[in-house]
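New to this one? Here's a quick briefing to read alongside the sequence and the 3D view.

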Amino acid sequence: MDRPSPVEDSLRERKRRRARESIVEAAFELFTEHGFEGVTVADIAERAEVGRATFFRHFGDKQEVVFGDDPDIETAVAEEARRLPAPDPIGDSLPDALAYLRRFAALLVARMTENPAAYRLHERIVAETPELRARSLLKQRRYAEAMTTLLVERGADVRTARLAAETALACYYAGHATAGGDPARLAADVDAAFARLV
């Protein structure tokens, strides 16, 4: 059997990316117009001009559309964070672990707010929808696990890693609350929360 050429692969990948982007764009337009609860998968597929099968190839449900970029962001930030300098090993030093996670949080917030309009819309839809708020909390628990893993990789003992990750998550929550959905303030407010610990 012939394998697809790199050009065919590239074309296929571009088509997949365009379909995914059109689904996300259509979904957020509809959520803005009708609210999250007032929109069905069929509505999104119709607006995006794709079939339901295409929708489900990219997303498991309409909630996943709202959080669709999260795994990509998490993976990219974790890879960037692995290149950050850190004391070797961190051991049981909570200050060293928090200093490392402060830089991780800065990377994460920068990625989350790359598109300020999309960030504001995402925040508004999540705030208005209880089931999305619950999913957002699960996502943040994944961030705590990712931070714990990164610290252990950098030689932190598990107890210190877990305490630092939970503390870093608390700094994110505090900064997020004070930023009030403003992407321009989020980075500074999260960093200010870390600074108060020092």
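**A quick tour**

If you go looking for cavities of 30 Å³ or more, you'll find 1 in this structure. Keep in mind that you're looking at a predicted model. The protein is split into domain 1 (1-68) and domain 2 (70-197).

**The cavity**

- The largest cavity holds about 110 Å³ of space.
- Three helices each give at least two residues to its lining: helix 6 (94-112), helix 8 (130-153) and helix 9 (158-179).
- Helix 6 supplies the largest share of that lining, with 5 residues.
- Among the lining residues are Phe104, Leu108, Met112, Tyr143 and Tyr172.
- By type, the lining breaks down into 10 nonpolar residues, 1 polar and 1 charged.

**How the two domains meet**

- Taken over C-alpha atoms, the centres of domain 1 and domain 2 are 28 Å apart.
- On the domain 1 side 11 residues take part in the contact, and on the domain 2 side 14 residues do.
- People often describe the size of an interface by the accessible area lost when the parts come together.
- Here, about 1200 Å² is buried between domain 1 and domain 2, and carbon and sulfur atoms give 58% of that area.

**An unusual backbone angle**

- Most residues other than glycine have a negative phi.
- Glu49 has a positive phi, near 60°, and isn't a glycine.
- You'll find Glu49 in the loop between helix 2 (41-48) and helix 3 (52-58).
- Glu49 counts as exposed because its relative accessibility is 73%, and the cut-off for exposed is over 50%.

Conventions: Residues numbered from 1 in each chain as written. Predicted model: local features only at pLDDT ≥ 70, side-chain atom pairs only at ≥ 80, totals over all residues. Heavy atoms only, no water. 1 Å grid on protein atoms, 1.4 Å probe; cavity = no way out; pocket = protein on both sides within 12 Å on 5 of 7 lines; lining within 4 Å. Points joined across faces, edges and corners; volume = space filled by probe spheres on them. Helix = DSSP H or I, 4+ residues; strand = E, 2+ residues; numbered from the N terminus. Nonpolar A, V, L, I, M, F, W, Y, C, P; charged D, E, K, R; others polar. Buried < 20%, exposed > 50% of the residue type's maximum accessible area, 1.4 Å probe, protein only. Domains from an automatic or database assignment. Contact = heavy atoms within 4.5 Å. Buried area = accessible area lost by both parts, 1.4 Å probe.
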